[in-house]
Amino acid sequence: MDEQMVVRIGAPPNYTGADKKRDHSGKAPEVGQEAGMSEQIIAQIEANPDYIALRKKRNLLGGSLTLVVLVIYYGFISLIAFDKEFLAKRIGEGVTTIGVPIGLGVIVVMIILTAFYVRQANRSYDGLIEKIKSEIQQ
C-alpha cells in the first residue's frame, strides 16, 4: 500500500509516467489507478483534511514562488529589451558591464528560491504525507 500511496500523493523519483496502461479507448487511467488503488482509497485520501491542507499549502507556495520567478525573469528580460544602455554601463574602469552582475543575481536568486522550496517541502509536506499514509493504512 505504501507504493500506491506514493503514486497518488507524489510520484516516486523514478516514475516517468511512460508505463501508464491505456484502455481500448486510448485514454490513460486516472492517477492512482495504474498502481491498483481502489476508488475507495482515493476518495479517503481526497477527503482527508490533512490532504486538503497539504494541497492548499503546496499550491500557495508553488503559486507564490512562480509569481516571484516570473516577475524577476521578465523584469530582467524587459530591462534587456527596453534599457540596453543601462545594462551596457561599465563598472569602474574594467570591461564588465552592470548587466553581468544583474544576470548572475537572477541566477543566484533562482537557486535560492529553489533551495527555499525544497526546504519547505521537506519540512512540512513530507510530514503531512506520512501522516496521511498512516491514517489511510489504519
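Helices are DSSP runs of H or I spanning at least four residues, numbered from the N terminus. On that basis, the elements of the chain run α-α-α-α-α. The model described here is predicted. It contains 5 helices and 0 strands.

The overall figures come next. The chain has 138 residues, and 21% of them count as buried. Its exposed surface comes to about 9,700 Å². Carbon and sulfur atoms supply 61% of that area. Contacts between residues at least 6 apart in sequence were also examined. Of these, 64% join residues at least 24 apart.

Helix α5 covers residues 99-137. It has 39 residues and reaches 55 Å from its first C-alpha to its last. This span is close to the 57 Å expected at 1.5 Å a residue. The helix is nevertheless kinked by about 35°. The kink is centred on asparagine 122. Buried positions occur on both sides of that residue in the sequence: Gly99, Gly103, Val106, Met110, Leu113 and Ala121 are among those before it, and Ser124, Tyr125, Leu128, Ile132, Lys133 and Ile136 are among those after it. Glycine 105 also belongs to helix α5. Glycine 105 counts as partly exposed because its relative accessible area is 29%, which lies between the 20% and 50% cut-offs. Its C-alpha atom is separated by 10.0 Å from that of isoleucine 72. Along the chain, glycine 105 and isoleucine 72 are 33 residues apart.

Salt bridges were counted next. The total is 2. One of them joins the side chains of aspartate 50 and lysine 131, at 3.5 Å from N to O. This pair links distant parts of the chain. Aspartate 50 lies in helix α3 and lysine 131 in helix α5, 81 residues apart. The two partners fall into separate accessibility classes: aspartate 50 is buried, with a relative accessible area of 15%, whereas lysine 131 is partly exposed at 40%. Aspartate 50 counts as buried because 15% is under the 20% cut-off. Beyond residues up to four places away in sequence, aspartate 50 touches Leu128, Lys131, Ile132 and Glu135. Leu128 and Ile132 are listed among the buried residues of α5.

The other salt bridge pairs the side chains of lysine 133 and glutamate 130, at 3.6 Å from N to O. Both residues lie in helix α5. They are separated by about one helical turn because they are 3 residues apart in that helix. An α-helix has 3.6 residues a turn, so residues three or four places apart point the same way. Side chains of opposite charge can pair when their charged atoms come close. Lysine 133 is buried, with a relative accessible area of 11%. Glutamate 130 is partly exposed, at 46%.

The surface also carries a nonpolar patch. It is formed by Leu70, Tyr73, Tyr74, Ile77 and Ile80. Together these residues have about 450 Å² of accessible area. Isoleucine 77, one of the patch residues, is found in helix α3, which covers residues 49-82. Isoleucine 77 has a relative accessible area of 31% and is partly exposed. That value passes the patch criterion, because patch residues need over 30% relative accessible area.

Helix α4 covers residues 84-88. Lysine 84 is found in this helix. Lysine 84 counts as exposed because its relative accessibility of 54% is over the 50% cut-off. The C-alpha atoms of lysine 84 and glycine 99 are 8.9 Å apart in space. In sequence, lysine 84 and glycine 99 are 15 residues apart. Glycine 99 is one of the buried residues of α5, whereas lysine 84 is exposed.

Technical notes
Residues numbered from 1 in each chain as written. Predicted model: local features only at pLDDT ≥ 70, side-chain atom pairs only at ≥ 80, totals over all residues. Heavy atoms only, no water. Helix = DSSP H or I, 4+ residues; strand = E, 2+ residues; numbered from the N terminus. Buried < 20%, exposed > 50% of the residue type's maximum accessible area, 1.4 Å probe, protein only. Contact = heavy atoms within 4.5 Å. Areas by Shrake-Rupley, 256 points an atom, 1.4 Å probe, with all protein chains shown as cover. Patch = residues over 30% accessible without salt bridge, like charges linked within 9 Å, V, L, I, M, F, W, Y side chains within 5 Å. Salt bridge = Lys/Arg side-chain N within 4 Å of Asp/Glu carboxyl O. Expected span 1.5 Å × (residues − 1). Bend = angle between axes of the 7 residues up to and from the residue.
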